[in-house]
Amino acid sequence: MYGIIIQNMVEYIRKSFGDGKWKEIKEKLDLQEDNFAVADVFPEGQASKIGKTAMKILGMKDEEFYEGMGVYFVALATDLGYGLMLQSVGRNFRDFFVNLDNLHDYLKFTFQRMKAPSFFISIEDKDGMTLEYRSKRRGFHYYVQGQIKEISKNFAVEIKKLEIQLKKQEVVFDTVVSTFEMKFQNMGYDNFVASMERRKDSSMPLRASVIFEMFPFCILYNRELTVTVLGMALRQIIPKIIGNNLTSWFELVKPLVEFKWEVIESRLNSMFELATQEEIDKLGQSGGSSSGGFSSEINLLDEDVDKTLHIKGQMVFIQEWDSMLFLACPIMKDLNNLIWSGLFINDLSMHDYSRDIMLSKTQEQIELKMALTSAEAKAEKMNAQKKKLDDVMKKTQDIIDQMLPKQVAAELAAGKSNMEVCQAYEMVTMLFSDIVTFTVICSRLKPLQVVALLNNMYTLFDFLCDQNAVYKVETIGDAYLIVAGCPVKVSNHALKICDMAFDMMDGISMLKDPGTGENIQMRIGCHSGPVIAGVVGLKMPRYCLFGVNVGLTEKFEANSKPMRIHVSETCQGLLSGQYKVEERNDEGLKQKVGGFRSFFLNSKDGRKPLPEAIIKALLPTDKEAPKVDKKKDAKAADKKEEAKPKDGAAAPAPAAKADAPAAASGASAAPPPSDSSAPPAADAPAAPSGDSGSGDQGEAAPAAEGEEAAAPAPAAEEGEAKEAEAAPAEADNIPSVETAAQTQCCGGLKKSAVCSVL
């Protein structure tokens, strides 16, 4: 049973009695659905079960309930788009029922499993008619009665008043036959009788052979149902039927009546459908078909497809022959069925649309297949584009995850503002690191080498951040800032940062100065305290830390020593006994680090050093390292040599900025000889600094709140000072003044950024 009948019942209950009653019925039957899809198939007893429960709850009899349901069906069919079809079935009320079975045949294209009923006018006159309703289902006679009453309103001009009554009901085999008697002014019958009379008057003689050529699927049989003549097409596939009883080859599919001469003669105004009792290929083989159109080796049809031949048409009684002529045409879905039956296009009649329908269906299937192929190609292309888009989205998400914490990025994507994602953390631990004499190192390198050096170092540190579960906040030049306990809150943040500091020291020991080949040294400072974290900026948003403790962390780094880890009192208090520290008692140090006691973190019990294999795996090989073009350096040296003034010639006056260091040291204003002069950039590293040799820390670290801003930083170790003094002697290794000027900007950028953070 299709859902259209159940949906008709549901909407009738809801429209007529309200949603409350339907809800009560649904709860009684434990139904989950409120709507039933029109084209879906449901169990046969579903409608009867709902109807019985509804009548019990509503207190209605079956005639009243089902008749009202039938009346509402016409409105439902109109809403579904079948209204115009119902209005165009027949010119008169009696014509509507004559052609109603044809309408059900057309609806089978949509409802292929439909068990269509059959309607037949058994008796009619000018005052009404007797209608037989045949169906495989029981209990729907009042439903049909309501439909008839509502349909009659479409013929209001003809039917002023309709009286309908169920006269009798009987069961023939498995078919229920309900007989309705209807009283109305049957104008259609008068027109039918008049047309029959005109047909007799205008009849003309016609040769029988012409009829069988015009209708290739016609069958002529006598009162004993013996086939006497076949149409040309049927003679090709089942020639042996001639002389045999029609019922031994065909069975009557529609209408639902017995296959007898008397019954057929009484229903000549009905559409008849016959079907072969065996599959058509077997009939063709047994009948010795001369066409040879089909082959058992080529199966064009699916195994579950009905392979019998169906023909549909009209029965006409030929009084002169005392025989019945069945004017039929085949019912076939497409060319596959036609070829399987052993027929061809030229076997179909030319006077109707049989050929056009067959070819149009095949053309429609071809177009559908082409459209499907095109859709599949577009879908494949769309999937490829979607895959590319997913890859781009993944890369974009990876970049965002590198710039911002995942949870913060998700909150911003959800529409939160920068202020809404800002959060205060009661206690975190931060780490600042810095390369010793980074400016001096850069002054000996090409820009490409500086980039490669920083990339190698940060690649190693980024890997260590993931291993120790800490968050990298930012890098400024050679400075590296990380934090633990933010943005993911953890209780062991100090332990994570100190473990990270040990790993960084192990990793930096493997890096070499590309200019000298010596080991690169680093200072580390760690401090614990509360901070505020948030996202700053819109065009290039950055996740930053704010608060006085950020500046104090930088101070602990600035006042550390090469290859030492300087930790604050608060950080040391969060460490376990595994971590061995050494308190610093340098004079004035406590005031420079915000009044906190400070310690050197020396070791951790049971700690295994970072394996060299891991460090080497992250660093580039000698072949991958950037090379300095010695030829270009030689050409640059030659040009510089040519630019020097000749012996005895006066050198050009130095720039005003170059004179400043000489004036400060009391030197003579006269320029030195050209063979003993050094490039002006060589004096830059030797300038006095509170950091004693760290070119990127040219000024003392900013003082904490309440301290003087100009407080000098403590002096570095003597070896570092000697390295700074020896820098002018190595001035010949500097490629050019421009290179030194470019490397100087790293320290400048760092200094300005740190000041802004503080």
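In this predicted model, helix α1, residues 3-17, packs against helix α4, which spans residues 62-87. Two packed helices are described by the angle between their axes and the distance between the axes. For α1 and α4 the axes come within 9 Å and cross at roughly 105°. That angle lies in the range of 65 to 115 degrees, so α1 counts as roughly perpendicular to α4.

On the α1 side, the contact is made by Ile-4, Ile-5, Gln-7, Asn-8, Met-9, Glu-11, Tyr-12, Ile-13 and Lys-15. Helix α4 contributes Glu-64, Phe-65, Tyr-66, Gly-68, Met-69, Tyr-72, Phe-73, Leu-76 and Leu-80. Sorted by type, the residues of this contact are 12 nonpolar, 3 polar and 3 charged.

One of the α4 residues in that contact, Phe-65, can be followed further. Setting aside neighbours within four places in sequence, Phe-65 is in contact with Met-9, Tyr-12 and Ile-13, and also with Gly-51, Ala-54, Met-55, Leu-58 and Met-60. Met-9, Tyr-12 and Ile-13 belong to the α1 side of the helix contact, while Gly-51, Ala-54, Met-55 and Leu-58 fall within α3, residues 46-58.

Phe-65 also has a place in the largest nonpolar core, which has 55 residues. Together with Phe-93, Phe-97 and Met-182, Phe-65 touches the most other members of that core. Helix α4 supplies the largest share of the core, 8 residues. A separate core of 43 residues lies apart from this one, and its members include Leu-454, Leu-460, Leu-610 and Leu-619.

Back at the start of the chain, Ile-4 of α1 also leads to a loop residue. Ala-37 sits in the loop between α2, residues 19-29, and α3. Although Ala-37 and Ile-4 are 33 residues apart along the chain, their C-alpha atoms are separated by 7.1 Å. Beyond its neighbours within four places in sequence, Ala-37 is in contact with Gly-3, Ile-4 and Phe-42. With a relative accessible area of 35%, Ala-37 is partly exposed.

The cysteines remain. How many disulfides does the model contain? The count comes to 0. Cys-571 is in no disulfide, and the nearest cysteine sulfur, that of Cys-498, is 4.2 Å away. A disulfide requires the two sulfur atoms to be within 2.5 Å, so the pair does not qualify. Is Cys-571 buried or exposed? Its relative accessibility is 0%, so Cys-571 counts as buried. Cys-442 is likewise buried, at 0% relative accessibility.

Definitions and conventions: Residues are numbered from 1 along each chain as its sequence is written. This is a predicted model: local features need pLDDT of at least 70, side-chain atom pairs count only at pLDDT 80 or more; totals for chains, interfaces and linings use all residues. Side-chain values use heavy atoms; hydrogens and water are left out. A nonpolar core is a set of buried Ala, Val, Leu, Ile, Met, Phe, Trp, Tyr and Cys residues joined through side-chain atoms within 4.5 Å. Buried means under 20% relative accessible area, exposed over 50%, partly exposed in between (1.4 Å probe, protein chains only). Helices (H or I, at least four residues) and strands (E, at least two) are DSSP runs, numbered from the N terminus. Contact means heavy atoms within 4.5 Å. Axes are lines fitted to C-alpha atoms, for helices over the stretch in contact, and angles run from 0 to 180 degrees between N-to-C directions. Angles under 35 degrees count as roughly parallel, over 145 as roughly antiparallel, 65 to 115 as roughly perpendicular and the rest as oblique. Ala, Val, Leu, Ile, Met, Phe, Trp, Tyr, Cys and Pro count as nonpolar, Asp, Glu, Lys and Arg as charged, and the others, Gly among them, as polar.
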